[in-house]
Amino acid sequence: MATTATILHADLDAFYASVEQLLDPSLRGKPIAVGSGVVLAASYEAKAFGVRGGMPGRQARELCPQITFVSGHFGEYQRLGDTAIKVIGDFTPLVERISIDEAFADVAGCTHLFGSPAEIAGAIRRRVRTELGLPISVGVARTKHLAKIASQVAKPDGLVVVDPGTELEFLHRLPVELMWGVGPVTKTRLAEIGVLTIGQLAQTPGWSLERLLGPAAGEKLAALAWNRDPREIKTHRRARSAGAQSAIGRKPAEEDVFRPTLFHLADRIGTRLRAKSRPGRTVTVRVRFANLNSATRSVTLDAPISATVILAEIAEDLVRAVLAEHPNEKTISLLAISVSHLEERWDLELELPLGLQDEPRRPGTKIGMARLAADRAIDKIRGRFGWDAIGYGSVALDISRSVPDEFRELAEKEL
């Protein structure tokens, strides 16, 4: 690992909401949310009332009656996000973009041109504010993990530089949920054993973390708690998985609720996999219940898939298995599908019609190939006439899209 703090993490503050306030000055200083049925993003003024992304719109209005909902300008999000990343690229070619509104950068090789890492970070912030009119927070540290935490501490619209000599002092006093990989479920589990800060996590025996979180997660978090993070900047990243999720509010855990949603998600994922010729072998679903607890289940297949109907059917089976394991959970609030173990190059292997029960889901069978052929025909029609020109029937078309597809596309990684 580096011995000096030259890694930057830059993150545009409340990006979607900030763009809306930029486009409509009358919204500045007011609580706003992007979305309608579901909050896609909230301004800092709305967050002060407890409004958060993923929250049902009705709940947001209860917390903040004066909140203003806007539909969103997705083209502007993409344009301004791209421009902000290009500003960072004007200082160093070592830029790793990890989402539409944030990126890592290594400035070790350009300090002789632009000054110290802190001066470079300040220059980036000034240019983004001056040229785009948007606030951006930057963290500077010796590792990627600590730089990202520093940018979170810097929010809103700030700069935090962590000196290598004081990094553990800085890190260990912070709440554990600032760490990469610590979501609500992990935070709750750690709190049950009295771990609330990163420092307390660092002092927890490894065997205790592994028993609580599993070997991989326990070992990873233990290393990060001591700022052991050898990852380097990767300027060209290919996604190792493709996923999509849908926040559906509070709906009954019934077939007529989850089947259309899963089909729509499978449609989006399958389209992306086919466009890049990268089928995947492992399908994972996540179900979030009304109490915000989540459950996941996955299956690894003999052959990689990208057909929409096959993916949807497998996801349905996995969700049924999750619900069977949680019979007391009667309400769901979010569904997600992910396909991993993507193939770089794959030749379809034909299979004989042996009358196997899962034959329609095997890509090399007659039925499996027919399903993929139908998908490719639909892909061509959509490519020419648009996404809504054709679909797979009422199960997919009747879904209520509380999250616009344009918003989902902004969050999708390049395969």
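## Helix packing and salt bridges, questioned

Guide: Let's start with a helix pair: α13 and α14 pack at an angle of about 140 degrees, and their axes are 8 Å apart. Bear in mind that this is a predicted model.

Visitor: Why is α13 called oblique to α14?

Guide: Look at the angle of about 140 degrees. Roughly antiparallel needs an angle over 145, and roughly perpendicular covers 65 to 115. The pair fits neither class, so α13 counts as oblique to α14.

Visitor: What is the hand of the crossing, and which residues of α13 and α14 make the contact?

Guide: The crossing is right-handed. On the α13 side the contact involves E255, F258, R259, L262, F263, A266, D267, I269, G270 and R274. From α14 come T308, V309, L311, A312, A315, E316, V319, R320 and L323.

Visitor: What makes R320 and E255 a salt bridge?

Guide: The N to O distance between their side chains is 2.5 Å, and the cut-off is 4 Å. R320 sits in helix α14 (residues 308–325) and E255 in helix α13 (residues 255–275), so the pair links parts of the chain 65 residues apart. Both also belong to a network of salt bridges with R259, E316 and D317.

Visitor: Are R320 and E255 buried, exposed or partly exposed?

Guide: Partly exposed is the range between 20% and 50%. R320 has a relative accessible area of 30%, so it is partly exposed. E255, at 35%, is therefore partly exposed too.

Visitor: How do you know that E343 is buried, and what about R281?

Guide: Buried means under 20%. E343 has a relative accessible area of 18%, so it is buried. R281 comes in at 24% and is therefore partly exposed. Their side chains meet in a salt bridge, 2.6 Å from N to O. E343 lies in the loop between β12 (331–342) and α15 (366–385), and R281 is in strand β10 (residues 280–289), so the bridge ties together parts 62 residues apart in sequence.

Visitor: Why does the pair K187 and E177 count as a salt bridge at 3.7 Å?

Guide: The rule asks for a nitrogen within 4 Å of a carboxyl oxygen, and 3.7 Å from N to O satisfies that. K187 is in helix α9 (residues 184–192), while E177 is in the loop between α8 (167–172) and α9, ten residues away. At 38% K187 is partly exposed, and at 34% so is E177. By this rule the model has 23 salt bridges.

Visitor: How do you know that the length of α6 agrees with what a helix should span?

Guide: Helix α6 has 16 residues (117–132), and at 1.5 Å a residue they should span 22 Å. The end C-alpha atoms are 22 Å apart, so the two agree. Just after α6, G133 takes a positive phi of about 75 degrees.

Visitor: Which residues of α6 are buried, and what do they pack against?

Guide: The buried ones are P117, I120, A121, G122, A123, I124, R125, V128 and L132. They pack against β1 (7–12), α1 (15–23), α4 (74–89), α5 (111–114), β7 (136–141) and β8 (159–161).

Visitor: Why is S151 called buried?

Guide: With the limit at under 20%, its 0% relative accessibility makes S151 buried. S151 lies in helix α7 (residues 144–154). Setting aside neighbours within four places in sequence, S151 is in contact with H9, D11, S137, V138 and G139.

Note on methods: Residues are numbered from 1 along each chain as its sequence is written. This is a predicted model: local features need pLDDT of at least 70, side-chain atom pairs count only at pLDDT 80 or more; totals for chains, interfaces and linings use all residues. Side-chain values use heavy atoms; hydrogens and water are left out. Helices (H or I, at least four residues) and strands (E, at least two) are DSSP runs, numbered from the N terminus. The expected span of a helix is 1.5 Å times one less than its number of residues. Buried means under 20% relative accessible area, exposed over 50%, partly exposed in between (1.4 Å probe, protein chains only). Contact means heavy atoms within 4.5 Å. Axes are lines fitted to C-alpha atoms, for helices over the stretch in contact, and angles run from 0 to 180 degrees between N-to-C directions. Angles under 35 degrees count as roughly parallel, over 145 as roughly antiparallel, 65 to 115 as roughly perpendicular and the rest as oblique. A crossing is left-handed if the near helix is turned anticlockwise from the far one by less than a right angle, and right-handed if clockwise.
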